[in-house]
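Me: I am new to this structure and would like a close look at a single part of it, with enough of the surroundings to see where that part belongs. Please take your time and connect the details as you go.

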Amino acid sequence: MVTIREEKLADIDAREALLDQAYGAERFAKTSERLREGRLPADGLSLVATVHGRIVGTVRLWNISAGAGPAALLLGPLAVHPDHRNRGIGTRLMQRAVARARLAGHRAIILVGDAAYYARFGFSAGKTGALWMPGSFERQRLLALELKPGALDGARGLIGGAGRLAPAPDLAALLAEDRRTERARARRVRAA
Ligand SMILES: CC(C)(COP(=O)(O)OP(=O)(O)OC[C@H]1O[C@@H](n2cnc3c(N)ncnc32)[C@H](O)[C@@H]1OP(=O)(O)O)[C@@H](O)C(=O)NCCC(=O)NCCS
């Protein structure tokens, strides 16, 4: 049975493995990543799909500014494990993400993706013609969905990241972890 729920800390490794499989390492070179890196996703808008407790799908939304226009959300990446595609899991993740964004009072969602897939959820390039990503992008793939009618009327300019900054890693904690790993390795070598 497929369950859609909010992502937990313990899901991160599985989510990253799923994204590596779906998009490869080049996912970090995408212009959308420039809007996400170093930031936290929008509150309550990181979702996973699970089957028998295993992560098989992921979607997250991020706070952005739509040029000189309103605050908005960036959706992505969306991915479903290859073994579980074409069973409606992507659709359920999208529908839940859009519903939660609407409930939280957000005004619009923007994404870079295949119109042939995202049109079914109401996304189109109709209101994005004067918006720009902070790097290379294919204009016909810059899509938006208004959650409040007219939210993107007159939206123009550069899209910018607007989410809370992710806390910097704690150097002392990293060093302590490194020492613990080294001690465990030394114990394994002695025991061998
Ligand atoms: C895109 C993705 C999330 C869809 O997940 P999913 O769980 O298989 O989606 P659903 O089962 O809800 O929908 C399947 C339908 O979407 C269609 N579809 C999937 N990817 C598509 C795409 N890139 N363009 C157009 N249609 C697409 C399927 O052909 C299928 O069509 P049908 O309903 O007419 O049979 C999944 O294929 C994936 O993770 N792909 C890898 C990442 C990727 O390629 N993303 C591209 C989108 S930008």
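Reply: What follows is a close look at helix 5, set first against the whole chain and then beside some other parts.

The model is predicted, and it shows a chain with 5 helices and 9 strands. Read from the N terminus, the elements follow the order β-α-α-β-β-β-β-α-β-α-β-β-β-α, so that a helix stands at the end of the series because the fifth helix comes after the last strand in that order. The C-alpha atoms of the chain occupy a box of roughly 65 × 40 × 30 Å along the principal axes, and the accessible surface amounts to about 10600 Å², with 55% of that area belonging to carbon and sulfur atoms. Of the 192 residues in the chain, 39% are buried.

Helix 5 covers residues 171-191, and several kinds of surface feature come together along this stretch of the chain. One of them is a nonpolar patch on the surface formed by L171, L174 and L175, which together have about 300 Å² of accessible area. L175 is found in helix 5, and with a relative accessibility of 43% L175 counts as partly exposed, because that value falls between the limits of 20% and 50%.

Charged residues make up another feature, and here two salt bridges can be followed within the helix. In the salt bridge between R180 and E177, the side chains meet at 2.8 Å, N to O. Because these two residues are 3 residues apart in helix 5, about one helical turn separates R180 from E177. Both partners are partly exposed, R180 with a relative accessible area of 44% and E177 with 40%. The salt bridge between R185 and E182 has its closest N and O atoms 3.0 Å apart, and this pair too lies in helix 5 with a spacing of 3 residues, about one turn of the helix. R185 is partly exposed at a relative accessible area of 41%, and E182 is likewise partly exposed at 41%.

Beside these paired charges, there is a positive surface patch made of R179, R183, R187, R188 and R190. R183, one of its members, lies in helix 5 and is partly exposed, with a relative accessible area of 47%. Why can R183 belong to such a patch? Its relative accessible area of 47% is over the 30% that patch residues need, and patch residues take part in no salt bridge, so R183 differs in this respect from R180 and R185, which each have a salt bridge partner. For the chain as a whole, there are 31 positive and 19 negative side chains, and the centres of the two sets lie 3 Å apart.

The salt bridges of helix 5 can also be set beside others, since a search of the whole structure finds 15 of them. In one of these, the side chains of R100 and E6 meet at 2.6 Å, N to O. That pair links distant parts of the chain, for R100 is in helix 3 (residues 89-103) and E6 is in strand 1 (residues 2-6), 94 residues apart. R100 is partly exposed, with a relative accessible area of 28%, and E6 is also partly exposed, at 38%.

For a contrast with these partly exposed residues, one may turn to L19, whose place is in helix 1 (residues 12-23). L19 is buried, with a relative accessible area of 0%, and, leaving out residues up to four places away in sequence, L19 touches G24, R27, T58, R60, P77 and A79. The C-alpha atoms of L19 and L171 are separated by 27 Å, while the two residues are 152 residues apart along the chain.

Another buried residue is T128, at 1% relative accessibility, which sits in the loop between helix 4 (115-118) and strand 7 (131-132). Apart from its neighbours within four places in sequence, T128 is in contact with R139, L142, L143 and A144. Across the chain, among contacts with a separation of 6 or more, 68% are between residues 24 or more positions apart.

Notes. Residues are numbered from 1 along each chain as its sequence is written. This is a predicted model: local features need pLDDT of at least 70, side-chain atom pairs count only at pLDDT 80 or more; totals for chains, interfaces and linings use all residues. Side-chain values use heavy atoms; hydrogens and water are left out. Patches are made of residues with over 30% relative accessible area and no salt bridge: like charges are joined within 9 Å, nonpolar side chains (Val, Leu, Ile, Met, Phe, Trp, Tyr) within 5 Å. Accessible areas come from the Shrake-Rupley method with a 1.4 Å probe; for residues, only the protein chains shown count as cover. A salt bridge is a side-chain nitrogen of Lys or Arg within 4 Å of a carboxyl oxygen of Asp or Glu. Lys and Arg count as positive and Asp and Glu as negative; His and the chain ends are not counted. The place of a charge is taken as NZ of Lys, CZ of Arg, CG of Asp or CD of Glu. Helices (H or I, at least four residues) and strands (E, at least two) are DSSP runs, numbered from the N terminus. Buried means under 20% relative accessible area, exposed over 50%, partly exposed in between (1.4 Å probe, protein chains only). Contact means heavy atoms within 4.5 Å.
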